[in-house]
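Here are some short exercises to work through with the model open beside you. Try each task before you read its solution.

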Amino acid sequence: MMLNSLRRRCAVASFAAFFSGHHQITSACVRTCCTNGPTATEWSGYSELCNAVCTANGSLDDLESSLDLSKAPLTSSMVTQVIEACKTEAPIRRLLRFFSWSRGKLCCDMEDRDFNAAVRVFAHLKDFTAMHILISDMRKEGRAMETETFCLVAEALVKLGREDEALGVFKSLEEFKCPRDNAAVAAIVSALCEKGHPKRAEKVVWHHKDKIHGVEDCIYRSLLHGWGVQGDMINARRVLREMRSNGIVVNQFCYNTFLRYLCNKNMKTNPSQLVPSALNVIMEMMSNGIEPTPMTYNIILSCLGKIRRVKESVRILDSMRKADCPPDWVSYYLVIRVLYLSGRFGKGNQILDHMFEEGLIPERRFYFDLIGVLCGVERVNFALDLFERMKKNCVGGYGPMYDVLIQKLCRSGEFEKGRKLWDEAESMGIALESTIDELNPSVIEVFKPSRKTETEIVVMPCAISSADSHTKTSKNKINSNKKNKKKKKKKLSCNRQRTSGRSRSRSTGRRQRIRA
């Protein structure tokens, strides 16, 4: 069954490779095959190679022996087609052995573009061993590496934690006949900054200042992102100053990037400074002629929600209305969510009503997440009310919400409401993942939330004599404790005197001996 599905997938991939006009492999396929289309032998040979590579039975040597027995007309473009078709199904080592076997069969007929296509596949799969083998073979055979291939290789190596290898390939691009132009510099800088290595990226920029013309904006954005990932906001601010001094426009994207990392750092180190520092950045934006958007404020609201700063979130939402920056549904979602999570359901419903009064129609995920939050904090009635509003707005996609609410109601013991929702979903023709057994009280175990009850302290009436006796015993205990403390002090003073007397007698005895 799996083999038949794989054959169909290979046939579709082959058809697309031969007849589409936008894929990179198409031109090679058309050149190598007949002008009227692929022949029957080419179709059979292609499917035979795909089946041999994707079949997981046997070792790598068995794979090579089965490839030796095949009579498929092997070409350079067909090798690339097979690897592209099998990269998600076959193990990486089988792909690598197939490519090595194909190189041995084709010898010098393997073209550089097909070799680069294989390197890109292994870079996409993030296999360092396969990339290292193919890159070494490219250097030995003097093949040309394309700029697109280098970009993917550099990104994959940095993601694998091989920054030195990525820089080594960049320094030796001349050996691969690849130009070390602005695209290559931007690629290695972007890859290094993505994983938080801005210092090494700045060294690359410093040594290749004459080759970054035309991509300065992209490079400075990458450096800003890199310092932000590392949490060094001083150097991030320095990058913004350098952009202004070099005549590069610091647009809204740069300010939002800087604001995001600034809020993330303050959220972890100094939460009380989060809002003042963020508002300073917004004032700086406005002074430079850049008006903040709801996305700018949503960055602040997102960080405030993560640390449950409820009052500050509500104030930011009010300030958006006053600053002629009307909040969008994402802004309302972030504030309502933190209100629900902190138990302020009345205020959250009030802001929800205000959002609908302003005519905002949120997306489906707005309802999905808030209904999930309300079910999680045991407020199913509020979740049902929000679900009714969702149906009034005709958002669609009610199936997952019916499943969540039915399961929550039944596990809370409200089987009648769960049955009502079940019948409503069936009448609307909505397919549910929940089963009818969940509506059976004898099958579903009911979990009722257990709340801590305060135990009342009962004071028994006591006689006056007992109270007096209690006070007398307490006074006796205090007096005995004082006497014990005095005795301990006397013992300590006696011990000190004894030790001092012994030390004096010892010293006098020594003096007498010395005189004698």
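**Exercise 1: the two sides of a helix**

Task: find which residues of helix H10 are buried and work out how they sit around the axis.

Solution. Start with the list: in H10 (residues 163-171; helices are DSSP runs of H or I, at least four residues, numbered from the N terminus), the buried residues are Glu163, Ala166, Leu167, Val169 and Phe170. Buried means under 20% relative accessible area, exposed over 50%, and partly exposed in between, with a 1.4 Å probe and protein chains only. Next, the arc, taken from the directions from the helix axis to the C-beta atoms: these residues span only 155°, so they share one side of H10. Now flip to the face turned away, and you'll meet exposed Asp164 and Lys171. Finally, look at the neighbours: the buried residues pack against helices H9 (147-159), H11 (182-194) and H12 (198-207), with contact meaning heavy atoms within 4.5 Å.

A word on the source: this is a predicted model, where local features need pLDDT of at least 70, side-chain atom pairs count only at pLDDT 80 or more, and totals for chains, interfaces and linings use all residues. Residues are numbered from 1 along each chain as its sequence is written, and side-chain values use heavy atoms, leaving out hydrogens and water.

**Exercise 2: a residue on the outside**

Task: place Glu416 and decide whether Glu416 is buried or exposed.

Solution. Glu416 belongs to helix H24 (residues 415-428). Its relative accessible area is 73%, so Glu416 counts as exposed. Then check Leu439: the two are 23 residues apart in sequence and 8.5 Å apart in space, C-alpha to C-alpha.

Definitions and conventions:
Helix = DSSP H or I, 4+ residues; strand = E, 2+ residues; numbered from the N terminus.
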